[in-house]
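Hi everyone, thanks for making time. I'd like to walk you through one structure today, so have a look at it while I talk.

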Amino acid sequence: MSKTFKVKLSSAVVVGGVPTRAGSVVEVDETMARRLLDNGKAELATAADVDVGPSDEPGTPDESETATPKNNRAKPKAADAAQSNGEAK
């Protein structure tokens with residue numbers, strides 16, 4: 001079992017396939033922690049950083065991320081596109 005570390009991200013990165021915002025505290029394995037620290041993308045989290053709350057965990061979207069998109073139009077199907085061009089189905 002490899003060690004895990006909690007790091008505070010200084011820029012937005014993808015962690016475990018999930019886009020994660022700057023300022024978030026995430027738990028990563030030693031290899032990922034070294035990579036983030038060496039590239040200046042994160043710093044080791046302090047006790048104050050860790051007590052921030054569960055909304056900073058990767059995969060937990062903020063309220064603004066779960067809002068319904070304004071442009072929710074469906075793409076036209078091929079038959080609909082052909083009909084709008086005056087062509088037969």
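Arg34 and Glu30 sit four residues apart in helix α1, so about one helical turn separates them. In this predicted model, Arg34 forms a salt bridge with Glu30, and their closest N and O atoms are 3.2 Å apart. By salt bridge I mean a side-chain nitrogen of Lys or Arg within 4 Å of a carboxyl oxygen of Asp or Glu. Arg34 counts as exposed, at 51% relative accessibility, while Glu30 is partly exposed at 26%. For those words, buried is under 20% relative accessible area, exposed is over 50%, and partly exposed is in between, using a 1.4 Å probe and protein chains only.

Quick housekeeping. Residues are numbered from 1 along each chain as its sequence is written, and side-chain values use heavy atoms, with hydrogens and water left out. Since this is a predicted model, local features need pLDDT of at least 70 and side-chain atom pairs count only at pLDDT 80 or more, whereas totals for chains, interfaces and linings use all residues.

How many salt bridges does the structure hold? Two. The other pairing to look at is Asp49 with Lys8, whose side chains meet at 3.5 Å, N to O. Asp49 is in helix α2 and Lys8 in strand β1, so this pair ties together parts that are 41 residues apart in sequence. Is Asp49 buried or exposed? Buried, with a relative accessible area of 12%; Lys8, at 26%, is partly exposed. Helix α2 covers residues 47-50. Asp49 is in contact with Lys8, Val25 and Leu44, leaving aside neighbours within four places in sequence. Contact here means heavy atoms within 4.5 Å.

Let's zoom out to the whole chain. We have three helices and five strands, and from the N terminus on the order is β-β-β-β-α-β-α-α. Those are DSSP runs numbered from the N terminus: helices are H or I with at least four residues, strands are E with at least two.

How do the strands go together? β1 and β4 run antiparallel, joined by five bridges, and one of the partnerships is Thr4 with Asp29 in β4. β1 also runs antiparallel to β5, this time with three bridges, and there Leu9 has Ala42 as its bridge partner. Two strands count as paired if DSSP finds at least two bridges between them.

Now for the inside. The largest nonpolar core has nine residues: Val7, Leu9, Val13, Val15, Val26, Val28, Ala33, Leu36 and Ala42. At least two of this core's residues come from each of β1 (4-9), β2 (13-15), β4 (25-29) and α1 (30-38). A nonpolar core is a set of buried Ala, Val, Leu, Ile, Met, Phe, Trp, Tyr and Cys residues joined through side-chain atoms within 4.5 Å. As background, nonpolar side chains in soluble globular proteins tend to be buried together.

Try clicking on Leu36, in helix α1. Leu36 is buried, with a relative accessible area of 6%. Not counting residues up to four places away in sequence, Leu36 touches Val7, Leu9, Val13, Lys41 and Ala42. Its C-alpha atom is separated by 9.8 Å from that of Ser11, which is 25 residues away along the chain. Then there's Val15, which touches Leu9, Thr20, Val26 and Val28, with the same four-place neighbours left out.

Another residue to find is Ser24, in the loop between β3 (18-20) and β4. Ser24 is buried too, with a relative accessible area of 8%. Ser24 and Val7 are 17 residues apart in sequence, and 8.2 Å apart in space, C-alpha to C-alpha.

For the chain overall, 17% of the 89 residues count as buried. Of the contacts between residues at least 6 apart in sequence, 51% join residues at least 24 apart.

Last topic: confidence. pLDDT is the predictor's confidence in each residue, from 0 to 100. The chain's mean is 76, and 56% of its residues reach 70 or more. Which element has the highest mean pLDDT? Strand β5 (residues 42-44), at 96, while helix α3 (residues 78-84) has the lowest, 56. Over residues 63-69 pLDDT stays under 50, and the model has three contacts beyond four places in sequence for that stretch.

That's my tour, thanks for listening!
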